Amino acid sequence: ADVDSSERTLLNAEKKVVFVTVGSTSFDRLIETVCSEPVLKILKQQGYDRVLLQIGRGQFEPPQSLISSIDPDVPYIDYYRYKTSIASDIKSAAFVISHAGAGSVLECLEAGKKLVVVVNELLMDNHQIELARKMYDSGHLYYCTCISLEATLVHKDRSKLKPYTAGKPSRFSMFLNRVMGFL
């Protein structure tokens, strides 16, 4: 039976959601990796019923066959490019997979979400790994690359991550300036 959009919204609100964000960037490899059968099956086995993808300006879009799939072994997939704010998607997610942009990482952590950060290893002068490593060392997130995402999802216990308490913005700004080489 067809479900209208308001019923679908209600049904999806009750599901355990993974939110995936690439921010304003293009990170097709992350979206492709999350949409791969092994990763989707892991997420389903871990109890996630829905994957919501924010794909930014990337060229890759999840195939229609995946979006309309009723395969019980994979979560329901939905996606969009941009919204004015992704705060409600972060808030409604059980956990977040994010690119390593500082804004996205902090927004997720400040919302109290369990977070896996995927560093784009193809970027030159990748300062994003510095932030991911610092937050990992503090116990707030796990980080990986697209190649190691599957293993990270299987072997890293997200329940052991520590909540992030927002500190003084000036201290974080100073940290970012040091990482970027401005100080």
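The charged end of Arg158 sits over the ring of Phe95, 4.0 Å from the ring centre. A second such arrangement involves Lys83, whose charged end sits over the ring of Tyr80 at 4.6 Å from the centre. Both descriptions come from a predicted model. The protein chain in this model has nine helices and six strands.

**The chain as a whole**

- The protein chain has 183 residues, and buried residues make up 42% of them.
- About 10100 Å² of the protein chain is exposed, and carbon and sulfur atoms supply 52% of that area.
- Taking contacts between residues at least 6 apart in sequence, 69% join residues at least 24 apart.

**Gln54 and its surroundings**

- Gln54 is found in strand β2, which covers residues 50-54.
- Gln54 has a relative accessible area of 2%, and it counts as buried because that value is under the 20% cut-off.
- The side chain of Gln54 makes a polar contact with the side chain of Thr21 at 2.6 Å.
- The Gln54 side chain also reaches the backbone oxygen of Arg81, at 2.7 Å.
- Leaving aside residues up to four places away in sequence, Gln54 touches Phe19, Val20, Thr21, Val22, Gly23, Ile31, Tyr80, Arg81, Tyr82 and Ile86.
- Tyr80, one of the residues that Gln54 touches, is also the residue whose ring lies under the charged end of Lys83.

**Aromatic pairs**

- A search of the whole structure finds three aromatic pairs.
- In one of them, the rings of Tyr136 and Tyr142 have centres 6.3 Å apart and planes at 50°, so this pair is tilted.
- The rings of Tyr136 and Tyr143 have centres 5.6 Å apart, and their planes meet at 80°, so this pair is edge-to-face.
- Tyr136, Tyr142 and Tyr143 form one aromatic cluster.
- Within this cluster, Tyr142 is buried, with a relative accessible area of 12%.
- Tyr136 counts as partly exposed at 34% relative accessibility, and Tyr143 counts as partly exposed at 25%.

**Helix α6 and the residue after it**

- Helix α6 spans residues 102-110, and its buried residues are Ser104, Val105, Leu106, Cys108 and Leu109.
- Just after α6, Gly112 takes a positive phi of about 80°.

Definitions and conventions: Residues numbered from 1 in each chain as written. Predicted model: local features only at pLDDT ≥ 70, side-chain atom pairs only at ≥ 80, totals over all residues. Heavy atoms only, no water. Helix = DSSP H or I, 4+ residues; strand = E, 2+ residues; numbered from the N terminus. Buried < 20%, exposed > 50% of the residue type's maximum accessible area, 1.4 Å probe, protein only. Contact = heavy atoms within 4.5 Å. Areas by Shrake-Rupley, 256 points an atom, 1.4 Å probe, with all protein chains shown as cover. Polar contact = N/O pair within 3.5 Å; in protein donor to acceptor, adjacent residues only side chain to side chain. Phe/Tyr/Trp six-rings, centres within 6.5 Å; stacked < 30°, edge-to-face > 60°. Lys NZ or Arg CZ within 6 Å of the ring centre and 35° of its normal.
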